[in-house]
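Please walk me through this protein model, starting with the chain as a whole and then turning to its local features. I would like the strands, the aromatic rings and the backbone angles explained in turn.

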Amino acid sequence: MLKESIQREDEELRTSHQKPRRPEGWGYFLLLWYLLFYQPIITEVHLRRENIQFLFIRFSAWQYAGSDKLWAGLVTTLCQSIRKHFGALPLSFYHVMGKRPRFASGFSQDEWLLNKRTCLSLGGLVFVLMAGVSLLSVAIFVPGIKDSSALKVIGSATTGLSGSGILVTVFSVVKNMVISQKQKIEKMTDSEKFSSHLGFMSEVKKEIEMLTSFVYYMEIYERRRLRIVLEITSLDMCYPERVVGVLNAINTLLSDTNAPFIFILVIDPSIIASCLEQTSCMKGMADNGYLFLNRTITLPFSIPEMGTKSKLQHLQDAVQSREDLMYKIITKNMERGVRNVKGKMIKLVDMEASSEMDQSQIDAQAVRYIHEAFHALHNDTDCLYKYIPESIIQMKRIVNTIPITIRLMLQQNITRHTMSPRSVAAWVVMANQWPCRLSWVLQCLEDRQQIQPTEEFRNQSLWGIFVENCKELYSMHKVLQNILALDGDPELFGNFLSNDFPFTVHEANTFLKSTINLDHSIRHKLGLIRGVNSLNKANDTSITKSSVKTVQVSTGVQCSGIEECS
């Protein structure tokens, strides 16, 4: 993301010839001047800017797991990080005297508008202050008027009123510098009386809206887009009520359609779904935790299974680095320095240059493939668009997932002969629309491959495997009720696999290595249930055989007894 941000900065500089401004040095005082006297205007030029700066914020939910207000920890971490990045004084200036950005009227390209209200107010206060000081000076020093008490009273009152107005403004700025938004929210959450008040969340939302508008202000001042990226980890280690609180806080922060926030949730979906289903406050809203997550998350990313090379590399790193990752970085830098001294760095540089050339070719090829895949999505002559849901969020999930899947496949040296962009798009749509049925087919495929499959099996269609094992899936429908609810129309699934996109076992194995929008925990759960069912069947079979033998033995004994009696 940082590399892409730098590239966009260079492209924007070449096209617009405007350097981004930074609130540093002279730019810091210029920012305070703009905050005091100008209101930003959102113009067409600003909306077309593609240069972006990312502000990364890490939030470990486990650090606040013992608190009743875990969501407040998320909000306060956000406020404190933005305050630390931009500075306390500009944020205090904006809180007291700043004007919220507004959209331009007409085709005006002026990004700044003089704040007449502030200018008139400040000018009026200064004029009244000067007039009061002048009257007071005349009443005190001019001979013949020294004894005029009325003039002294008027001068003193005028000076006091105007001076108090300026002092109140200065006091408000200093107060906001000393008392941060983090302290305000923590004080509100500590008050039991206020936290039970109906307007509690609205007050928190006001603080967030003020923070969001300040980020918009800084976007126009710095001449680039700003995105706040929050990485939330360890959420699946918290109590269910805490999990719900954090998700509600995320929805509150994203309630604005143009919110400059990007949330990265590093979670186990199966645990979070269970937490949502167990929480009493979510009854009726999250009876199915998987559906709730689907409505909330716009880009799912399930990490694919680790390859052999990656596993060996991670094992080697774990052995060499032990528990100190920083030691690993230092030792690598030292090794590079030693190699450079010994003259062994040339080969490494050549290898890196060749890899960079390969990477540029991969990027160019990926762009072409992504365009072809997108064309297949919205091509009215193609049948793929019929299987895409009408939900906007689901459309975003599919559109966001296709480029990543294609790039992952290209990184694994999967050539054009084994990968069609249209097939990749179809696979992504299938994983998004029928995660349970696809996971079941993949599980049956995996179980079959463990028994040394033939070459004929590699060319078998996935639809044929599903038809062979659909009765077993139906027998488990009560246990898999929540997971089956994720799937779309089953008839469309049959038409998709049997007619329009007849994927084979070989193609499934190829795509599975780069599939990120399919929750692997579903397949794991299906595999566990199938394994238990097979054990039960084996146990029932052994019991049946033993009972048959017992019946045969007892029958033989009875026959021999009858013969003796006769």
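The paragraphs below go from the whole chain to single residues.

This is a predicted model, and the confidence of the prediction comes before the geometry. The mean pLDDT of the protein chain is 77, and 77% of the residues reach at least 70. Two stretches call for caution. Over residues 322-330 the pLDDT stays under 50, and the model gives this stretch three contacts beyond four places in sequence. Residues 341-357 also stay under 50, with five contacts beyond four places in sequence. Helix H16 is assigned to residues 345-377, and the stretch 341-357 has a pLDDT under 50.

The protein chain contains 25 helices and six strands. It has 566 residues, of which 38% count as buried. The exposed surface of the chain is about 33,600 Å², and carbon and sulfur atoms supply 58% of that area. Taking contacts between residues at least 6 apart in sequence, 80% join residues at least 24 apart.

The strands can be taken next. An open sheet is formed by three strands in the order E3-E1-E4, with mixed pairing. Its edges are strand E3 (102-103) and strand E4 (112-114), each of which pairs on one side only. Strand E1, residues 38-42, pairs with E4 in the antiparallel sense over three bridges. Within this pairing, Tyr38 has Leu114 of E4 as its bridge partner.

Another pairing involves E2 and E5, which run in the parallel sense and share nine bridges. Ser60 has Thr233 in E5 as its bridge partner. How much of strand E2 is buried? Seven of the nine residues of E2 (residues 52-60) are buried, so that the strand is mostly covered.

Strand E5 also leads to two residues with an unusual backbone angle. Most residues other than glycine have a negative phi. Arg223 has a positive phi, near 60°, and is not a glycine. This residue lies in the loop between helix H10 (200-222) and strand E5 (225-233). Is Arg223 buried, partly exposed or exposed? Its relative accessibility is 23%, so Arg223 counts as partly exposed; the limit for buried is under 20%. Ser234 is not a glycine either, and its phi is positive at about 65°. Ser234 sits in the loop between E5 and helix H11 (240-253).

The side chain of Arg21 meets two tyrosine rings. Its charged end sits over the ring of Tyr34, 5.4 Å from the centre. Arg21 also lies over the face of Tyr221, where the distance to the ring centre is 4.7 Å.

The aromatic residues pair with one another as well. How many aromatic pairs does the structure hold? There are 23 of them. A pair of aromatic rings is described by the distance of the centres and the angle of the planes. Tyr387 and Trp434 are one such pair, with 6.3 Å from centre to centre and 70° between the planes, and this arrangement is edge-to-face. The two residues are 47 apart in the sequence, and the pair links distant parts of the chain. Tyr387 is in the loop between helix H16 (345-377) and helix H17 (392-411), whereas Trp434 is in the loop between helix H18 (421-433) and helix H19 (435-449). Tyr387 and Trp434 are both buried.

Phe503 and Phe511 form another edge-to-face pair, at 5.7 Å centre to centre and with 85° between the planes. Phe503 has a relative accessible area of 3% and is therefore buried. Phe511 is likewise buried, because its relative accessible area is 3%. The residues of both pairs belong to one aromatic cluster, which is formed by Tyr387, Trp427, Trp434, Trp463, Phe466, Phe493, Phe496, Phe501, Phe503 and Phe511.

The last residue to consider is Gln443, which is placed in helix H19. Gln443 counts as buried because its relative accessibility is 8%. Leaving out residues up to four places away in sequence, Gln443 touches Arg523, Leu526, Gly527 and Arg530.

Note on methods:
Residues numbered from 1 in each chain as written. Heavy atoms only, no water. Helix = DSSP H or I, 4+ residues; strand = E, 2+ residues; numbered from the N terminus. Buried < 20%, exposed > 50% of the residue type's maximum accessible area, 1.4 Å probe, protein only. Phe/Tyr/Trp six-rings, centres within 6.5 Å; stacked < 30°, edge-to-face > 60°. Lys NZ or Arg CZ within 6 Å of the ring centre and 35° of its normal. pLDDT = per-residue confidence, 0-100. Contact = heavy atoms within 4.5 Å. Areas by Shrake-Rupley, 256 points an atom, 1.4 Å probe, with all protein chains shown as cover. Pairing = 2+ DSSP bridges.
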